[in-house]
Amino acid sequence: LALDHAQDHVNVMVVRNIEIPRSALTGEQDRWALVFDKLYIFNMTQYSQVAFLDSDILAMPGAHPDSIFVDCGHHEFCAGRDTLSGLNAGVMVVRPSSKRLESLLAGLKDVHKQLPLPE
């Protein structure tokens, strides 16, 4: 789902699932099997920056939605902090790049160990 304020419309994008090797997940981690689908934000090259927010993210009262882009500045990738893994991929801002997406997908094919927290 992409909201384009400049055009004042919503774009719904259907993407194929990004599968990670089953060896990377334990039985109780099956819920993470499709977590990497969010990487498709790197393919939204029609935008200069894209913010991704998981559905369980709540904005604080008085928050300015556009500030997430300002806070990221000119970095290629920004994400929220998480106390367990250091990275919260439920809050990300990226500068889309098809080459970056290809690199990330290629890296996933080489995962041969269990991931403690796939995000």
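A disulfide is a pair of cysteine sulfur atoms within 2.5 Å. The legends below describe close-up views of a predicted model.

**Figure 1. The disulfide of Cys72 and Cys78.** The sulfur atoms of Cys72 and Cys78 lie 2.1 Å apart, so the pair falls within the 2.5 Å limit for a disulfide. One disulfide is found when the whole structure is searched. The link between Cys72 and Cys78 is right-handed, with 90° about the S-S bond. Cys72 has a relative accessible area of 2% and is therefore buried, as the limit for that class is under 20%. Cys72 is also one of the residues touched by Gln49, which is the subject of the next view.

**Figure 2. The surroundings of Gln49 in the loop between strand 2 and strand 3.** Gln49 belongs to the loop that lies between strand 2 (9-11) and strand 3. Its relative accessibility is 17%, and Gln49 is counted as buried because this value is under 20%. The side chain of Gln49 reaches the backbone oxygen of Gly73 at 3.4 Å. When residues up to four places away in sequence are not counted, Gln49 touches Phe69, Cys72, Gly73, Val93, Val94, Arg95 and Pro96.

**Figure 3. Thr45 and its contacts in the loop between strand 2 and strand 3.** Thr45 is placed in the loop between strand 2 and strand 3. With a relative accessible area of 46%, Thr45 is partly exposed. Apart from neighbours within four places in sequence, the residues in contact with Thr45 are Pro96, Ser97 and Ser98. Thr45 and Arg95 are 50 residues apart along the chain, and their C-alpha atoms are separated by 8.0 Å.

**Figure 4. The open sheet of three strands, in the order 3-5-4.** The pairing in this sheet is antiparallel. Strand 3 and strand 4 (77-80) are the edge strands, each pairing on one side only. On average, neighbouring strands of the sheet are turned by 20° against each other, with direction ignored. Strand 5 is mostly covered, as five of its seven residues are buried.

**Figure 5. Bridges from strand 3 and strand 4 to strand 5.** Strand 3 and strand 5 run antiparallel and are joined by four bridges. Val50 has Val94 of strand 5 as its bridge partner, and Phe52 stands opposite Met92 in strand 5. Strand 4 likewise pairs with strand 5 in the antiparallel sense, over four bridges. Here Phe77 stands opposite Val94 in strand 5. Val94 thus appears in this view as the partner of Val50 and opposite Phe77.

**Figure 6. The largest nonpolar core, with 19 residues.** The members that touch the most other members of this core are Ile18, Phe36, Leu39, Ile41 and Leu108. Strand 3 (50-53), strand 5 (88-94) and helix 2 (98-109) are the elements that give two or more residues to the core. Ile18 is in contact with Ala33, Phe36, Asp37, Leu39, Tyr40, Leu105 and Leu108, leaving aside neighbours within four places in sequence. Among these contacts of Ile18 are Phe36, Leu39 and Leu108, which are themselves listed with Ile18 among the members touching the most others.

Note on methods. Residues numbered from 1 in each chain as written. Predicted model: local features only at pLDDT ≥ 70, side-chain atom pairs only at ≥ 80, totals over all residues. Heavy atoms only, no water. Core = buried A, V, L, I, M, F, W, Y, C linked by side-chain atoms within 4.5 Å. Buried < 20%, exposed > 50% of the residue type's maximum accessible area, 1.4 Å probe, protein only. Contact = heavy atoms within 4.5 Å. Pairing = 2+ DSSP bridges. Axes fitted to C-alpha atoms, helices over the stretch in contact; angles between N-to-C directions. Polar contact = N/O pair within 3.5 Å; in protein donor to acceptor, adjacent residues only side chain to side chain.
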